[in-house]
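Colleague: Could you walk me through one part of this model in detail, starting at its surface and working inwards? I would like to hear what it touches and how it sits among its neighbours.

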Amino acid sequence: MQSVGIKGLGYYVPENIVTNFDLEKVVDTSDEWIRTRTGIEERRFAAEDEATSDLGYKAAIKAIENAKIDIQEIDLIIVATATADYLTQPTACLIQKKLGLSKIPCFDVGAACTGFIYALTVANSMIKTKLFKNILVIGAETLSRIADMKDRNTCVLFGDGAAAAVVGNVEEGYGILSVSIGAEGEDDMVLKIPAGGSKFPNNERTIENRENFLKMNGQEVFKFAVKVLPKVTLEALNQAEMKVDDLSMIFPHQANLRIIEAASKRIDFPLEKFYINLNKYGNTSAASIGIALGEALEKGLIKKGDNIALTGFGGGLTYGSIVMKWAY
């Protein structure tokens with residue numbers, strides 16, 4: 001069986017930095033309250049003329065450059081996002097147009113914050129079956145557009161950004177070693193935008209009640225995350241016939257420092273080996289793991305042959321983990 005992995009990675013975050021002190025001016029909160037409960041100090045918000053496709057495009061250009069391939073070698077685009085530019089048009093198609101890659105297939109994946117892992121899983125399978133050779137996987141979000149700036153429990157958590165990976169055949173024995181993904185479907189108000197879909201289309205009442213913004217039951221999300229984050233990581237390691245000590249680093253979804261601390265204790269893996277950058281970017285949903293991975297590469301923290309795990313959870317409720325041997 002041929003080996004599939006990441007051949008090049010890039011990320012992009014908007015220039016506009018929004019600190020906890022900035023949010024103190026618009027909602028009843030404080031820097032101390034946000035930091036002690038989440039670990040977040042600042043986040044990035046997209047400019048008024050920046051949409052999710054714009055962020056994804058900029059990350060994609062970097063990934064293709066780092067993969068050292070011609071842009072025309074990309075033969076499929078998969079975008080993981082919860083904040084598409086439009087409800088009826090895949091963001092992947094918009095990015096295809098920006099890249100000048102006419103006619104290649106494109107589609108979006110909706111798995112919330114686990115989207116990047118789900119999209120990598122799909123790409124891995126499609127390349128192994130020889131349907132495609134170089135797949136561009138993008139996780140991109142403009143969560144500032146769906147955050148309720150009157151709800152102090154949610155608006156302080158989220159930020160905007162994008163990450164992209166060129167996925168293809170890599171040296172034998174490297175790349176993706178195992179995948180474990182899953183979901184616990186629910187219809188409660190745990191993590192969703194109540195209105196705007198086919199069940200509750202937006203109208204004057206839903207807009208007046210601010211049901212067109214993201215709502216979250218923080219306690220339920222926390223309980224779910226501290227359960228599945230270690231569980232799915234260990235499942236992926238078991239499939240790869242590896243132990244946690246074989247990992248150089250874990251790249252968790254960047255949602256809450258307390259969740260990562262709990263996962264560290266449950267799998268007995270040092271916290272300093274979890275890459276954490278949520279203090280700078282907040283929760284960027286499908287972009288968060290890729291942005292963390294991109295930063296670590298820039299800092300020289302990953303080298304060829306390192307075993308790493310990407311682990312996430314999100315609305316749905318979804319979860320997943322990928323273990324890989326870094327290929328470049």
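**From an exposed loop to the helices**

Modeller: Happy to! Let's start with serine 102, which counts as exposed because its relative accessibility is 56%, over the 50% cut-off. Please keep in mind throughout that this is a predicted model. Serine 102 lies in the loop that links α4 to β5. Its C-alpha atom is 21 Å from that of alanine 51, a residue 51 places away along the chain.

Stepping back from that loop towards the helix, you reach glycine 100, just after α4, with a positive phi of about 75°. From here we can turn to α4 itself, which spans residues 91-99. Its buried residues are Thr91, Ala92, Leu94, Ile95, Gln96 and Leu99. If you wonder what lies over them, the cover includes helix α3 along with the strands β4 (76-80), β5 (106-109) and β6 (134-142).

The partner helix, α3, deserves a closer look. It runs over residues 52-67, and its axis comes within 9 Å of the axis of α4, the two crossing at roughly 55°. An angle between 35 and 65 degrees is classed as oblique, so α3 and α4 are oblique to each other. Their crossing is right-handed. On the α3 side, the residues that make the contact are Thr52, Ser53, Asp54, Gly56, Tyr57, Ala60 and Ile61, and they meet Thr91, Leu94, Ile95, Lys98 and Leu99 of α4. Sorted by class, this contact has 6 nonpolar, 4 polar and 2 charged residues. Thr91, Leu94, Ile95 and Leu99 appear both in this contact and among the buried residues of α4.

For a companion case in the same model, try α7 and α8. These helices pack at an angle of about 40° with their axes 9 Å apart, and they are therefore oblique to each other as well. Here too the crossing is right-handed. From α7 come Phe222, Ala225, Val226, Lys227, Leu229, Pro230 and Leu234, which meet Arg258, Ile259, Ala262, Ala263, Arg266 and Ile267 of α8. By class, the contact of α7 with α8 comprises 10 nonpolar and 3 charged residues, with no polar ones.

Those helices also lead into the interior. The largest nonpolar core has 44 residues, and Val156, Leu247, Ile250, Phe269, Phe274, Phe313 and Val323 have the most contacts inside it. The elements that each give two or more residues to this core are α2 (31-38), α7 (218-239), α8 (257-267), β12 (307-314) and β13 (318-325). Of these, α7 gives the largest share, 9 residues. To see one of the well-connected members, select phenylalanine 269: setting aside residues up to four places away in sequence, it touches Val244, Leu247, Ser248, Met249, Ile250, Ser264 and Phe274. A second, separate core holds 36 residues, including Val4, Leu120, Tyr275 and Trp326.

Finally, asparagine 16 is one more residue to compare with serine 102. Asparagine 16 sits in strand β2, residues 16-19, and is partly exposed, with a relative accessible area of 39%. Beyond its neighbours within four places in sequence, asparagine 16 is in contact with Arg43, Arg44 and Phe45. Its C-alpha atom is separated by 26 Å from that of glycine 110, 94 residues apart along the chain.

Methods: Residues are numbered from 1 along each chain as its sequence is written. This is a predicted model: local features need pLDDT of at least 70, side-chain atom pairs count only at pLDDT 80 or more; totals for chains, interfaces and linings use all residues. Side-chain values use heavy atoms; hydrogens and water are left out. Axes are lines fitted to C-alpha atoms, for helices over the stretch in contact, and angles run from 0 to 180 degrees between N-to-C directions. Helices (H or I, at least four residues) and strands (E, at least two) are DSSP runs, numbered from the N terminus. Angles under 35 degrees count as roughly parallel, over 145 as roughly antiparallel, 65 to 115 as roughly perpendicular and the rest as oblique. A crossing is left-handed if the near helix is turned anticlockwise from the far one by less than a right angle, and right-handed if clockwise. Contact means heavy atoms within 4.5 Å. Ala, Val, Leu, Ile, Met, Phe, Trp, Tyr, Cys and Pro count as nonpolar, Asp, Glu, Lys and Arg as charged, and the others, Gly among them, as polar. Buried means under 20% relative accessible area, exposed over 50%, partly exposed in between (1.4 Å probe, protein chains only). A nonpolar core is a set of buried Ala, Val, Leu, Ile, Met, Phe, Trp, Tyr and Cys residues joined through side-chain atoms within 4.5 Å.
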